[in-house]
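Visitor: I am new to this structure. Please show it to me, and expect to be asked for reasons.

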Amino acid sequence: MSKTIFVLNGPNLNMLGKREPGIYGGKTLADIEADCKAAGAELGLTIDFRQSNHEGDLVSWLHEAGEKAVGVAINAGAYTHTSIALHDAIKAVSPIPVIEVHISNVHAREEFRHKSVIAPAAKGVICGFGPHSYILALQALKTITQ
């Protein structure tokens, strides 16, 4: 039986492929979604992939994941550094594991990106491996939800 993993994406990730390709690469979010669904199929996972520029959507999707998913990979974008609401939503859906994902190595960038307010609520953080960070998160979720 397939397990469902929510892959949630925050603000400006819909601009991947156009936005700062030197940092984020040339893949679009649709490319990353296709990669996640292919990797999910190989791992025996069903991938529910979503993006919103609105914090409340991400909070609501985390709540929904608490009812429908065995795990979540979230690239919260800039909300990573500011959203107590996402931190609280991650804690609210415990015990399902949530992995924070970043395409770039946030620790090698501007200082304001070094602090994540959601990391303390997450099971783990994966950053700096480009779009492959998503696949690493799926592999980790497969392992910890067996």
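Guide: Keep in mind that this is a predicted model. One place to start is Phe49, which is buried.

Visitor: Why is Phe49 called buried?

Guide: The relative accessible area of Phe49 is 12%. Buried means under 20%, so Phe49 with its 12% is counted as buried.

Visitor: What aromatic pairs does a search of the whole structure find?

Guide: The search finds 1 aromatic pair. The rings belong to Phe49 and Tyr134.

Visitor: What makes Phe49 and Tyr134 a pair, and why is the pair called tilted?

Guide: The ring centres are 6.4 Å apart, and the limit for a pair is 6.5 Å. The planes of the two rings stand at 35°. Stacked would need an angle under 30 degrees and edge-to-face one over 60, so 35° makes the pair tilted.

Visitor: Which parts of the chain does the pair link?

Guide: Distant ones: Phe49 lies in strand β2 (residues 45-51) and Tyr134 in helix α5 (residues 132-144), 85 residues apart. Tyr134 is also buried, because its relative accessible area is 1% and the cut-off is 20%.

Visitor: How do you know that the length of helix α3 agrees with what is expected?

Guide: Helix α3 (residues 55-68) has 14 residues, which at 1.5 Å a residue should span 20 Å. The end C-alpha atoms of α3 are 20 Å apart, so the two values agree.

Visitor: Which residues of α3 are buried, and how do you know that they are on the same side?

Guide: The buried residues are Leu58, Val59, Trp61, Leu62 and Ala65. They cover an arc of only 165° around the axis, which puts them on the same side of α3. In general, an α-helix has 3.6 residues a turn, so residues three or four places apart point the same way.

Visitor: What covers the buried residues of α3, and what is exposed on the other side?

Guide: The cover includes β1 (3-9), β2, β3 (71-75) and α4 (84-92). On the other side of α3, Glu67 and Lys68 are exposed.

Visitor: Which residues does the UniProt annotation "binding site" cover?

Guide: According to the unreviewed UniProt entry, they are Asn75, His81, Asp88, Ile103, Ser104 and Arg113. They are spread over 39 residues of sequence and also in space, up to 24.4 Å between C-alpha atoms. Of these residues, Asn75, His81, Ile103, Ser104 and Arg113 are included in the lining of the largest pocket.

Visitor: Why does His81 count as buried?

Guide: His81 has a relative accessibility of 15%, and under 20% is buried, so His81 belongs there. His81 is placed in the loop between β3 and α4. Apart from neighbours within four places in sequence, His81 is in contact with Phe112, Arg113, Lys115 and Val117.

Visitor: Why does Ser104 count as buried?

Guide: The relative accessibility of Ser104 is 9%, under the cut-off of 20%, so Ser104 counts as buried. Ser104 sits in the loop between β4 (98-102) and β5 (124-127).

Visitor: Why is Asn12 called partly exposed?

Guide: Asn12 has a relative accessible area of 37%. Buried is under 20% and exposed over 50%, so 37% makes Asn12 partly exposed. Asn12 also has a positive phi of about 75°, although it is not a glycine.

Definitions and conventions:
Residues are numbered from 1 along each chain as its sequence is written. This is a predicted model: local features need pLDDT of at least 70, side-chain atom pairs count only at pLDDT 80 or more; totals for chains, interfaces and linings use all residues. Side-chain values use heavy atoms; hydrogens and water are left out. Rings of Phe, Tyr and Trp (its six-membered ring) pair if their centres lie within 6.5 Å; planes under 30 degrees apart count as stacked, over 60 as edge-to-face and the rest as tilted. Helices (H or I, at least four residues) and strands (E, at least two) are DSSP runs, numbered from the N terminus. Buried means under 20% relative accessible area, exposed over 50%, partly exposed in between (1.4 Å probe, protein chains only). The expected span of a helix is 1.5 Å times one less than its number of residues. The arc is that of the directions from the helix axis to the C-beta atoms. Contact means heavy atoms within 4.5 Å. UniProt positions are given in the numbering used here, feature names are shortened, and annotations may be inferred rather than shown by experiment. On a 1 Å grid over the protein atoms alone, a cavity is a set of points where a 1.4 Å probe fits but cannot get out, and a pocket is an open set with protein on both sides within 12 Å along at least five of seven lines; lining residues have an atom within 4 Å of a point.
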